[in-house]
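Good morning, and thank you for coming. I would like to take you through one structure, starting from a single residue and moving outwards.

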Amino acid sequence: MSENERILEMRDIVKEFSGVRVLDRVSFALRRGTVHALMGENGAGKSTLMKILCGIYAKTEGEILLRGAPAEIQTPTDAKALGVAMIHQELSAFHALTVSANMFMNREFMKGPVIDEARMVSETDKVFSDLGIRIDPKAKMETLSVAEMQLVEIAKAVSTDADIIIMDEPTSALTEAEVRKLYETVEDLKSRGKSIIYISHKIEEIFAIADEITVLRDGSLVGHDEIGAFDKDRLISMMVGRTLSQQFHKTRHTFGDVMLKVEGLSREHAFENVSFEVRAGEVFGLAGLIGAGRTEVVETLFGLAKKSAGTVSLYGAPVEINSPGDAIHSGIAFVSEDRKNVGLNLVGSVKENITLANLKKYCRLGVINAREERAASDAQAEKLSVKANSRDTLAMYLSGGNQQKVILARWMSTTPRILILDEPTKGIDVGAKAEIYRLIDEFAAEGNCVIMVSSEMPEVLGMSDRIAVMHEGRMTAVFDRDEATQEKILAAAAGI
Ligand SMILES: Nc1ncnc2c1ncn2[C@@H]1O[C@H](COP(=O)(O)OP(=O)(O)OP(=O)(O)O)[C@@H](O)[C@H]1O
Ligand SMILES: [Mg+2]
């Protein structure tokens with residue numbers, strides 16, 4: 001290890017939220033010009049530690065040194081002035097504003113007393129082309145997909161003159177090609193002497209770009225070492241406190257009748273002439289690049305958007321699904337990719353969020369049977385090992401991965417027949433991922449079916465019985481489990 005200067009030191013950091021200790025004397029040191037991965041299970045305290053560094057949370061105890069000198073970071077403005085920028089796990093864009101306005105929020109270019117819109121657009125263009133991002137700087141933020149918003153956040157942090165850049169799960173919504181582009185950006189930042197703290201649950205990613213790793217578990221420091229001292233098994237066992245025998249749980253079973261049949265489905269400007277069928281017992285994977293139309297197809301199936309042509313049949317009979325209500329009534333459940341906007345009620349409790357989709361089940365003459373509701377939510381929360389102080393904790397206080405688990409728990413508790421998952425393990429730690437894969441497998445084995453949109457290649461290959469690939473709004477290939485390979489899928493996704 002080169003004797004890079006320690007640009008940052010966090011010493012014995014303690015954080016308590018209303019008396020509950022979530023960080024217990026954690027120390028962390030970052031060297032200039034390196035990538036330092038921060039790892040650990042959902043709820044381990046990674047985001048909290050980083051939010052302390054960028055002035056969002058006040059530490060309860062401990063000390064922070066920047067460039068060797070004690071630093072007082074009390075507000076995000078303090079952190080910015082000290083050269084710390086963070087790409088947040090939860091996107092926080094101003095949806096009604098343009099991309100360039102978001103890029104240069106609070107650091108607008110001025111022409112005399114007025115904002116120089118043209119310059120902001122051209123500067124945004126410049127940053128984007130450096131990063132290989134193709135997004136119109138003049139587009140409204142709200143017209144972007146989750147992945148595109150994430151790319152804007154990355155570009156924004158990179159374009160500041162910060163020399164410490166925190167990336168909290170920057171790739172959770174990105175596809176392989178975009179991830180590779182991000183790696184190049186990270187290398188470039190490193191070569192310019194910038195230091196990066198990188199949080200991710202994707203272990204391959206860490207081995208590809210990190211120089212050092214620090215592991216947290218349950219708010220405590222488990223260990224720290226150079227990347228060369230780790231292998232995959234050691235890292236996993238440090239994170240989860242045990243070894244994991246099997247990541248993808250997949251049993252072989254026979255398939256039943258066709259449950260869902262889609263013929264010539266189209267939606268203007270989104271996708272065209274999509275046809276496929278899914279049988280009972282089957283996990284049907286949908287692969288493709290961002291913007292290929294996968295999310296749009298499943299949203300249409302769930303009644304969130306109107307089709308312009310085509311038919312959908314369920315259990316052998318044509319149906320019209322005009323709203324999510326219709327879909328739920330027909331036994332379809334949908335776990336969306338954007339948990340903040342469509343999924344989670346942030347000001348609701350864990351319990352309320354889990355039972356929200358099927359409150360009717362616990363109602364007698366309009367009165368909620370609280371005991372049944374509690375029992376059902378507890379059972380689901382436990383199945384997915386949701387980490388929360390209690391079932392009455394508000395969803396906004398959960399860690400990112402635990403929010404995702406709550407949404408999954410909710411839909412599992414509606415006992416659907418057809419489960420649609422859009423990037424189901426986004427932000428989920430390795431241990432809980434294995435648990436979710438087991439639940440998906442069990443659900444299918446019981447004679448139900450699953451449609452899974454995923455940009456994680458190992459997940460698509462590991463869990464799907466068949467894999468359809470979309471490219472620019474069209475389905476370009478369907479592979480059986482046995483014939484599917486990463487190369488074939490990538491080729492079909494690229495339209496080759
Ligand atoms: N504002 C808050 N109020 C109360 N508790 C909180 C708050 N923010 C975080 N916590 C709790 O602190 C713990 C650590 O959460 P944190 O978000 O740091 O986890 P994480 O390691 O980033 O996990 P993930 O991988 O799921 O993102 C969790 O138990 C979480 O519920
Ligand atoms: Mg987090």
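Asp136 is partly exposed in this predicted model. The reason is a count of its neighbours: 16 other C-beta atoms lie within 10 Å of Asp136, whereas a buried residue would need 20 or more and an exposed one 12 or fewer. As for its location, Asp136 sits in the loop between helix H4, residues 117-131, and helix H5, residues 146-159. His88 is 48 residues away from Asp136 along the chain, and 22 Å separate the C-alpha atoms of these two residues.

Let me now turn to the domains. The domain assignment of the protein chain gives domain 1, residues 6-240, and domain 2, residues 258-493. Their centres, taken over C-alpha atoms, are 29 Å apart. Where the two meet, 22 residues of domain 1 are in contact with 22 residues of domain 2. On the domain 1 side, the elements giving two or more residues are H5, helix H6 (176-191) and H8. By class, that side of domain 1 has 9 nonpolar, 8 polar and 5 charged residues.

Where does ligand 1 lie with respect to domain 1 and domain 2? Both domains give residues to the shell around ligand 1, so the ligand lies between them. There are 20 residues around ligand 1, and those that come nearest are Asn42, Ser47, Thr48, Ser399 and Gly401. Helix H1 (46-53) and helix H14 (400-412) are the elements that give two or more residues to this shell. In its make-up, the shell has 12 polar, 5 nonpolar and 3 charged residues.

My last topic is helix H15. H15 covers residues 430-445, 16 in number, and spans 23 Å from its first C-alpha to its last, close to the 22 Å expected at 1.5 Å a residue. The buried residues in H15 are Val430, Ala432, Lys433, Ile436, Tyr437, Ile440 and Ala444. Seen down the axis of H15, these buried residues fall within an arc of 155°, and they therefore line one face of the helix. In general, an α-helix has 3.6 residues a turn, so residues three or four places apart point the same way.

What do the buried residues of H15 pack against? Their partners are the helices H7 (203-209), H8 (232-240), H14 and H16 (457-463), together with strands S15 (283-288) and S22 (449-453). After H15 comes Gly447, which has a positive phi, near 95°.

Thank you for your attention.

How values were computed. Residues are numbered from 1 along each chain as its sequence is written. Chains are lettered from A and ligands numbered from 1 in the order in which they are written. This is a predicted model: local features need pLDDT of at least 70, side-chain atom pairs count only at pLDDT 80 or more; totals for chains, interfaces and linings use all residues. Helices (H or I, at least four residues) and strands (E, at least two) are DSSP runs, numbered from the N terminus. A residue is near a molecule or strand if its C-beta atom, placed from the backbone, lies within 6 Å of it. Ala, Val, Leu, Ile, Met, Phe, Trp, Tyr, Cys and Pro count as nonpolar, Asp, Glu, Lys and Arg as charged, and the others, Gly among them, as polar. Domain bounds come from an automatic or database domain assignment. The expected span of a helix is 1.5 Å times one less than its number of residues. The arc is that of the directions from the helix axis to the C-beta atoms. Two residues are in contact if their C-beta atoms, placed from the backbone, lie within 7 Å.
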